[in-house]
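Subject: Structure handover

Hi,

Here is the structure I promised to pass on to you. Have a look at it first, and then read on for what turned up in it.

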Amino acid sequence: MILQALGKTAIKWLLIAVAFIALLSAVNFGLSFVPFTPQFNAKRAVAKAERLEGQVSTLERQATGQAEISTATETFHTRETIIREIASQAETEARDAPDATTPLSQERADRLRLNDQRMCDNAPAICADPDPAAGRPPALPPAGPAG
């Protein structure tokens with residue numbers, strides 16, 4: 001019914017228009033594979049943009065990692081400086097103490113334990129509990145009444 005209403009001439013022109021649009025689409029698709037055409041250049045630019053976005057992402061992750069490493073290194077050096085100062089101060093106090101040459105008294109043990117605790121507060125990694133499996137006793141006896 002619709003075909004009869006349009007007539008044969010209109011149908012021919014409609015088919016010609018559809019064929020022309022299909023031909024233009026095919027040519028446009030084909031040109032996307034021919035170098036130095038706008039379609040080819042556009043496809044290449046999209047691929048390059050995607051590759052550069054990936055590189056930017058990688059560089060951002062590397063920069064973040066480098067910043068974390070720098071912060072960790074700075075923290076380590078700060079702690080190392082603090083520990084060296086505490087150790088130097090403790091060594092000086094131990095050498096200059098009036099009981100430096102006498103056997104270990106409770107007062108001296110408490111002073112050494114205090115220095116150890118200050119060092120452990122600043123660098124917990126160096127203050128592991130003594131390993132009973134290794135058969136080594138702790139460096140100082142536990143704090144308690146003198147007996």
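A salt bridge here is a side-chain nitrogen of Lys or Arg within 4 Å of a carboxyl oxygen of Asp or Glu. Please keep in mind that this is a predicted model, in which local features need pLDDT of at least 70 and side-chain atom pairs count only at pLDDT 80 or more, while totals for chains, interfaces and linings use all residues. Residues are numbered from 1 along each chain as its sequence is written, and side-chain values use heavy atoms, with hydrogens and water left out.

The overall picture

The chain has 3 helices and 0 strands, giving the pattern α-α-α along the sequence. Helices (H or I, at least four residues) and strands (E, at least two) are DSSP runs, numbered from the N terminus. Of the 147 residues, 9% are buried; buried means under 20% relative accessible area, exposed means over 50%, and partly exposed is in between (1.4 Å probe, protein chains only). About 12100 Å² of the chain is exposed, and carbon and sulfur atoms supply 65% of that area. Accessible areas come from the Shrake-Rupley method with a 1.4 Å probe, and for residues only the protein chains shown count as cover. Taking contacts (heavy atoms within 4.5 Å) between residues at least 6 apart in sequence, 44% join residues at least 24 apart.

How H2 and H3 pack

Two packed helices are described by the angle between their axes and the distance between the axes. For helix H2 (residues 38–96) and helix H3 (residues 106–122), the angle is about 175 degrees and the axes are 9 Å apart. Axes are lines fitted to C-alpha atoms, for helices over the stretch in contact, and angles run from 0 to 180 degrees between N-to-C directions. H2 and H3 are therefore roughly antiparallel, a label for angles over 145 degrees (under 35 is roughly parallel, 65 to 115 roughly perpendicular, and the rest oblique). On the H2 side, the residues in contact include Ile-82, Ile-83 and Ile-86, and on the H3 side they include Arg-111, Asn-115 and Met-119.

The salt bridges

How many salt bridges does the whole structure hold? The search finds 3. In one, the closest N and O atoms of Arg-84 and Glu-80 are 2.8 Å apart. These partners both lie in H2, 4 residues apart, about one turn of the helix. Arg-84 is exposed at 54% relative accessibility, whereas Glu-80 is partly exposed at 26%.

Arg-95 and Glu-91 form another, at 2.6 Å between the closest N and O atoms. They too are in H2, 4 residues apart. Arg-95 is exposed at 62%, and Glu-91 is partly exposed at 40%.

In H3, Asp-110 and Arg-113 are 3 residues apart, about one helical turn, and their side chains meet in a salt bridge at 3.0 Å, N to O. Both are partly exposed, Asp-110 at 36% and Arg-113 at 21%.

A nonpolar patch

Phe-20, Ile-21, Leu-23, Leu-24, Val-27, Leu-31 and Val-34 form a nonpolar surface patch with about 630 Å² of accessible area together. Patches are made of residues with over 30% relative accessible area and no salt bridge, joining like charges within 9 Å and nonpolar side chains (Val, Leu, Ile, Met, Phe, Trp, Tyr) within 5 Å. Leu-24 sits in helix H1 (residues 2–31) and is partly exposed at 47% relative accessibility.

Best wishes
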